[in-house]
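Got your viewer open? Load the model and get ready to click through a few selections.

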Amino acid sequence: MNNQEIVAKLWNLCNVLRDDGITYHQYVTELTYILFLKMTKETDTDGQIPEQYRWDKLVKKQGIELKHFYNELLQYLGENCKERIREIYAGARSNIDEPKNLDKIITNIDSLDWYSAKEEGLGNLYEGLLEKNANEKKSGAGQYFTPRVLIDIMVKLISPQPGERCNDPACGTFGFMIAADKYIKDNTSGLHTLSIDQQNFQINKAFSGCELVHDTHRLALMNAMLHNIEGEILLADTLTNLGKSMNDFDVVLTNPPFGTKKGGERATRDDFTFPTSNKQLNFLQHIYRSLKKTGKARAAVVLPDNVLFADGDGARIRADLMDKCDLHTILRLPTGIFYAQGVKTNVLFFTRGRAEKDNTKVVWIYDLRTNMQSFGKTSPLMPKHFDDFVKAYNADDRSVVSDERWSKFTREQIGAKGDSLDIGLIRDDSIIDYDNLQDPIESGTEIAAKLEEAVDLINSVVKELKSY
């Protein structure tokens with residue numbers, strides 16, 4: 001039985017819990033509690049768990065005794081164990097009310113082919129579960145899981161190296177850092193070629209992250225542990241002052257959450273020059289500020305279209321980004337690859353300069369959105385879809401690349417358009433009449449202005465109605 005078959009079997013166990021009213025996301029969290037114990041047994045790493053709470057004790061319990069023992073186990077491990085074990089079980093509580101359901105899950109997990117699972121890698125098995133959860137629309141977990149193919153392309157182009165400090169300030173289940181670790185191992189024949197000190201750095205210091213949601217943070221910890229990564233994963237909000245300590249990185253890879261702060265309040269970071277209620281703009285500020293000023297520290301960040309054209313603080317933040325960093329490449333992504341079908345996203349690639357001004361001279365844009373097929377479950381995004389972009393990105397001389405999707409804009413051209421980066425889209429073959437279309441940069445700005453006017457109008461009507 002391979003890992004894919006094991007993942008399918010574990011996922012099907014979720015049907016057992018439907019009567020308990022457990023959601024998919026709760027199910028993966030519940031599986032994490034149980035799988036952790038089983039995996040520590042299979043890998044002979046259960047020495048940090050008190051003998052009375054190890055897997056062999058759990059599988060012997062049945063009925064109501066099992067339910068009570070399991071809840072006792074969760075509380076003890078979350079309060080009394082050390083380091084990562086305590087972090088994984090902190091605040092843990094079971095959502096399974098029916099003892100028979102709990103018994104069935106434990107029995108099924110115990111009977112799986114764990115020899116084959118270990119051969120393929122327990123980390124790969126766990127990531128398979130996380131991906132299954134993300135692809136299940138009812139779970140609502142898609143916001144925490146960036147498509148693997150996109151992660152791999154971003155990591156490949158950023159090319160993290162041994163000895164570099166890598167970070168994801170909105171790490172979800174830690175997928176970017178897992179991929180960065182794999183990339184380094186694949187390109188150094190594992191860690192065996194490194195010195196002992198270098199190996200320890202890679203395990204304990206090279207990869208870090210921050211996650212706001214408790215259950216997702218728990219999954220990130222488990223994912224990291226199964227990939228032999230012991231770096232710090234904070235349970236916190238990067239956009240509060242705690243985020244100020246997350247800095248001095250060589251590499252940042254991330255897909256920050258979309259949306260605005262609740263109630264429209266601004267970020268509580270007192271070091272932001274341009275605080276705004278737009279989460280992505282605040283994350284963008286954090287990211288380029290968190291990079292080392294060596295001229296080599298770099299980032300790849302997934303951001304929605306509104307970041308490219310938002311007025312006011314948005315324009316000022318983009319200008320600040322292009323001053324402090326060389327924003328050398330923007331990839332306009334296809335729609336439908338994650339989040340809601342209509343959400344339009346981009347990947348910004350930039351390198352932090354040594355100076356504070358004039359680092360961006362030219363921005364290259366690759367339009368992978370226009371005239372592209374529709375992506376979804378039946379037609380997933382594949383590595384081959386990025387082949388032409390990767391060639392253009394890696395070209396020794398980008399100006400000789402012959403590709404209609406590839407275009408260049410100088411810093412002066414961008415400045416003349418109010419520092420809008422909503423540019424680089426090619427002619428859409430589905431649109432017949434181009435004569436009446438506005439410039440895309442102007443239309444993005446005008447749309448935002450009209451939305452503000454609409455909000456003001458609604459507020460005035462509400463105020464007037466209240467006066468009656």
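Here is a short walk through confidence, cores and two odd backbone angles.

This is a predicted model, where local features need pLDDT of at least 70, side-chain atom pairs count only at pLDDT 80 or more, and totals for chains, interfaces and linings use all residues. Residues are numbered from 1 along each chain as its sequence is written, and side-chain values use heavy atoms, with hydrogens and water left out.

Start by colouring by pLDDT (the predictor's confidence in each residue, from 0 to 100). The protein's mean is 87, with 86% of residues at 70 or more. Now select 437–443: pLDDT there is below 50, and the stretch makes ten contacts (heavy atoms within 4.5 Å) beyond near neighbours in sequence. Where pLDDT is low, don't read the predicted coordinates in detail.

Next, show the largest nonpolar core (buried Ala, Val, Leu, Ile, Met, Phe, Trp, Tyr and Cys residues joined through side-chain atoms within 4.5 Å; buried is under 20% relative accessible area, exposed over 50%, partly exposed in between, with a 1.4 Å probe and protein chains only). It has 95 residues, and Leu10, Leu35, Tyr89, Phe174, Leu253 and Phe386 have the most contacts inside it. Helix H2 (24–42) gives the most, ten residues; helices here are DSSP runs of H or I, at least four residues, numbered from the N terminus. Zoom in on Tyr89: leaving aside neighbours within four places in sequence, its contacts include Phe36, Leu77 and Arg218. A second, separate core of 32 residues includes Met322 and Phe350.

Last stop: which phi sign do Glu83 and Asp419 have? Both are positive, about 45° for Glu83 and about 60° for Asp419. Glu83 sits in helix H5 (83–89) and is exposed at 59%, while Asp419 lies in the loop between H17 and H18 and is buried at 14%.

How values were computed: Helix = DSSP H or I, 4+ residues; strand = E, 2+ residues; numbered from the N terminus.
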